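Please open the structure in your viewer and keep the selection panel at hand. The stops below are meant to be followed in order, each with something to select and something to look for.

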Amino acid sequence: MRRAYFKFSWIAAVLLAPQLMIIFVFFYWPSAQALYWAFTLEQPWGGGNTWVGFENFANVLSDPYYWGSVRVSVIYAVATTILAMGMALILALFADRQLAGYRAYRIGLIWPYAVAAPAVGLSFQFVFNPGAGIFSYLNTLSPGVWDPSVYPWQAIASIVIAGAWKQVAYSFIFFLAALQAIPRSLSEAAVMDGARPLRRMIDLQLPLLTPTFFFLLVINITDSFTDSFGIVDTLTGGGPFRSTDLMVYKIYTDGFQSLDYSGAAAQSIILMLLVMALTFVQFRYIERRVHYT
Amino acid sequence: MAKISMRDVRKSYGKDQVVHGVNLEIANGEFIVVLGPSGCGKSTLLRMIAGLETITAGQIAIGDTVVNDLEPRERGCAMVFQNYALYPHMTVAENIGYALKVAGTPKAERMARIAAVAASVGLGDFLDRRPGQLSGGQRQRVAMARAIIREPRVFLFDEPLSNLDAKLRVQMRHEIRRIHNRIAATSVFVTHDQQEGMTLADRLVVMNKGVIEQVGTPSEIYDQPASTYVGGFIGSPAMNFLSGQVDRATHSVRLASGDRIDVSPAIAARNHGKLVQIGVRPEAMTMVPAGQGTLNATFEFVEELGAGRLYHMMFEDLTLTVLAGDRQTLAAGAPVGLHIPASAVHLFDADTGKRVEAAPLAVVEQVPA
C-alpha cells in the first residue's frame with residue numbers, strides 16, 4: 001500500500017476550501033439540521049419547535065405505510081441492482097469481445113448515464129403508457145391487461161426498468177474497463193489450455209471482475225435507495241395505492257407536501273443509517289470473497 | 001511429438017507485412033531457437049504456430065496435419081508466455097491443472113498428475129499458493145508445469161526467461177533443456193538473447209525484419225555466418241568489420257588504407273575485384289608488436305572480463321576489438337600490430353551482405369545423388 005504524507009500548508013487549505021464549503025453547505029449542514037429536526041416537533045410555518053426525543057422515530061416506525069415503503073424500497077433496490085448489473089455485465093462482455101460495431105455500442109451505452117432521472121422518468125411515461133406506449137400493444141391482445149396506474153406490480157416493474165436502464169450505463173463503463181484491464185496473455189493462456197469463449201468468461205473473466213463487481217454492488221444499492229426520486233416522481237407519483245412509495249419519495253411527500261418536517265427528518269436519518277448499515281454489511285461479508293490481484 | 005513444417009508463411013497487419021515468406025522444417029523432437037531483435041517477427045511466427053494469430057498466406061503443418069484453420073486447442077501445442085500469464089485468482093495446483101479441468105479429466109487423476117508434474121519442477125510445496133505469493137523463478141516453473149502437464153506434441157516458448165535475473169535465467173535454461181530431453185516434445189523457443197539461443201538450440205533460426213537470415217546448428221552459425229547481419233548479431237563481443245576490395249594477384253583484400261588482409265587463394269580467385277566486408281571475430285585476432293602484424297592499430301583501452309580481456313583499438317576511424325587470454329599492460333595511444341590469419345577471415349558481399357564462399361553454395365551443400 002502506497003501512502004503519501006503532506007505537510008499542512010495554507011495553499012493547500014485555500015485550494016481545498018471551495019470544495020469543503022460545498023460539502024459543508026450541501027451535506028453536513030442539512031444533515032445536522034435534519035438530525036436536529038428529527039428530535040423536535042417543527043411547526044410547519046416556522047415559529048419555534050419543541051424537543052420530543054425519540055417520539056418522531058416511534059411514530060414513523062409504528063406507521064404501517066412506512067413499513068410498506070421500506071418493503072418496496074428493498075424490492076426496488078434489489079431488482080434494479082440485479083437488472084442493471086446483469087445487463088451491464090452482458091453488454092460489457094460482448095463489447096469486450098469486439099463484435100462488429102462495438103465502438104458504436106460502447107458510446108451509445110454510456111449515454112443514458114448523462115440523462116437526468118426526471119427525463120428518464122418522462123421518457124418511460126411514453127414507453128409504459130397503457131394507451132399510447134410500446135406496452136400498450138399488450139392491451140390490444142387483451143384489453144386492460146397493462147396499466148401501471150392500476151396494477152401495483154406493473155408500477156413497480158416500470159420504475160425498476162426505468163431505474164435499471166439509467167444505471168446500466170454506469171456499471172457498463174466500469175465492467176468494460178475492468179475487462180479491458182485483464183491482460184491479453186491471460187486469455188491466450190486459457191485459449192492454449194483449451195478453454196472456449198464461454199468457459200473463459202466463467203473461469204477467467206468473471207473471477208477477475210469481482211473487485212469491480214463488489215464496488216458496483218455498493219454503488220448500485222446505495223444509488224437505488226437514495227437516487228430514485230426523479231423516476232418515481234415523474235413516472236408513478238408513488239402510486240397506485242402507495243405501491244411505489246419509495247423511502248426517498250415518502251420523505252419528500254411527507255415533508256414538503258404534508259409539511260411534516262419532523263417525521264420526514266426522522267425518515268431521512270433512518271434512511272441514512274440503513275444505507276450505512278447495508279454498505280457495512282457488504283464490506284463485511286461480501287468483500288471477503290473478492291480477489292484483489 | 002511431431003514435426004513442424006512451414007511453407008512460405010506470411011503475416012500482414014493491414015498493409016504491413018511483418019513476416020515475409022518463412023520456409024522451415026522442424027524435425028520431431030528437435031529444439032529450435034528462433035533468435036532475432038525485437039520486432040523481427042519471431043514472436044508472430046511462434047503465435048502463428050500456436051494459432052493465436054491467423055496465417056495471412058502459406059501453410060503450417062504440425063505432424064501430418066495442416067493447422068492453418070485449426071483452433072489453438074486442436075493443435076496440441078503448449079505455450080509458455082513471457083510474463084507467464086498465470087491465472088492470478090487460482091492456486092498453483094489450479095493453474096497447473098486448468099487444461100485438464102477444461103478437458104474434463106476426472107478429479108482424482110487430475111490431482112495425481114498435478115502432484116507429479118509439480119514435483120518434477122520442484123513446486124511440490126507450493127500447490128496451495130497463489131501466483132502473487134511466488135517469486136519470479138517459481139512463477140516460471142508454474143508456467144512450465146502448466147505446459148508440461150498437457151503432454152503436448154509441441155512446446156512453444158515466447159521469451160520465457162527475459163523477466164528473470166541473470167543467475168536464475170541460466171538455471172532455468174538448464175532446466176528447460178532437461179525437461180525437453182525428458183519429454184522429447186518438439187520445442188520452439190523464441191528469444192532475443194543470443195546466449196540463450198546458442199546454448200539451448202539443436203538448431204538456431206536467425207531472423208531479421210521478418211525474414212530468416214540463416215538456419216543451422218549454433219556452431220555452424222557461429223563459424224560460418226551467412227550474412228553480415230548474422231555475423232554481427234551472433235557472438236559477444238561482436239565481430240569486427242572492415243571494407244575492402246578482393247585482389248586475386250596477392251590473395252588478399254585491399255583496404256582503403258592500402259593495408260592488405262590475406263584471404264584463401266580460392267576465394268580470391270573467384271571474387272577478383274569484388275567490394276567486400278571483412279568480418280573477423282575478436283578472439284581470432286592476435287596482438288603482435290607494432291609493424292609485425294597484418295594491420296597497425298592504436299590501443300585505446302581494455303575491458304576486464306575475468307576469463308580474458310577485451311582490448312579496444314582504433315584503426316583508421318574504426319574501433320576493433322581483440323579478445324585475448326593473456327594480460328598485457330598497454331599505454332593508451334600505444335601502437336599495436338594486429339595479426340589476422342586468412343582462416344579467420346569471413347567475407348561478405350558489400351552490396352548484399354551475403355557470405356562470399358570459395359565455391360558456389362550448391363556445391364558446398366552437395367546433396368548425395
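In this predicted model, begin by selecting the six strands of chain B that form an open sheet with mixed pairing, in the order β6-β7-β8-β3-β9-β10. Colour β6 (77–80) and β10 (211–216) of chain B separately, since these are the edge strands, each of which pairs on one side only. Looking across the sheet, you will find neighbouring strands turned against each other by 20 degrees on average, with direction ignored.

Within that sheet, narrow the selection to β3 (residues 31–35) and β9 (residues 203–208) of chain B, which run parallel and are joined by four bridges. To place one of the residues concerned, pick B:I32, whose bridge partner in β9(B) is B:R203.

Next, add the helices that pack on this sheet. Helix α1 (residues 42–50) of chain B touches β3, β6, β7 (154–158), β8 (186–191) and β9 of chain B, and its direction makes about 150 degrees with that of β7(B). Helix α5 (residues 166–183) of chain B also packs on the sheet, where it touches β3, β7 and β8 of chain B, and the angle between its direction and that of β3(B) is about 140 degrees.

From α5, follow chain B into the loop that leads to β8, where B:A184 lies. The backbone of B:A184 deserves a look, as its phi is near 60 degrees, a positive value in a residue other than glycine. A second backbone feature can be selected in the loop between α8 (228–233) and β11 (240–247) of chain B, which holds B:P237. Here the peptide bond from B:S236 to B:P237 is cis, with omega near 0 degrees.

Now move to another sheet of chain B, an open one of five strands with antiparallel pairing, in the order β15-β19-β16-β17-β18. Its edge strands are β15 (286–288) and β18 (318–324) of chain B, each pairing on one side only, and the twist from one strand to the next averages 50 degrees. Select β15(B) together with β19 (residues 335–339) of chain B to see an antiparallel pairing over three bridges; in β19(B), the residue that is the bridge partner of B:V288 is B:G337.

For the last stop, display both chains and select the contact between them, to which chain A gives 19 residues and chain B gives 23 residues. Chain A and chain B bury about 1900 Å² between them, and 61% of this area is on carbon and sulfur atoms. Which three residues supply the most of the area that chain A buries against chain B? They are A:E188, A:M192 and A:D193, which together account for 35% of that area.

One of these, A:E188, forms a salt bridge with B:R47, in which the closest N and O atoms are 2.6 Å apart, and the count of salt bridges between chain A and chain B is one. Residue pairs in polar contact between the two chains, with both residues at pLDDT 80 or more, number eight. On the side of chain A that touches chain B, α8 (184–192) and α9 (197–226) of chain A each supply at least two residues, and α8(A) gives the most, with eight residues. Colouring that side of chain A by class will show nine nonpolar, four polar and six charged residues.

Terms used
Residues are numbered from 1 along each chain as its sequence is written. Chains are lettered from A and ligands numbered from 1 in the order in which they are written. This is a predicted model: local features need pLDDT of at least 70, side-chain atom pairs count only at pLDDT 80 or more; totals for chains, interfaces and linings use all residues. Side-chain values use heavy atoms; hydrogens and water are left out. Contact means heavy atoms within 4.5 Å. Buried area is the accessible area (1.4 Å probe) that two parts lose on being put together, summed over both. A salt bridge is a side-chain nitrogen of Lys or Arg within 4 Å of a carboxyl oxygen of Asp or Glu. A polar contact is a pair of N or O atoms within 3.5 Å; within protein, one must be able to donate a hydrogen and the other to accept it, and residues adjacent in sequence count only if both atoms are side-chain atoms. Ala, Val, Leu, Ile, Met, Phe, Trp, Tyr, Cys and Pro count as nonpolar, Asp, Glu, Lys and Arg as charged, and the others, Gly among them, as polar. Two strands pair if DSSP finds at least two bridges between them. Axes are lines fitted to C-alpha atoms, for helices over the stretch in contact, and angles run from 0 to 180 degrees between N-to-C directions.
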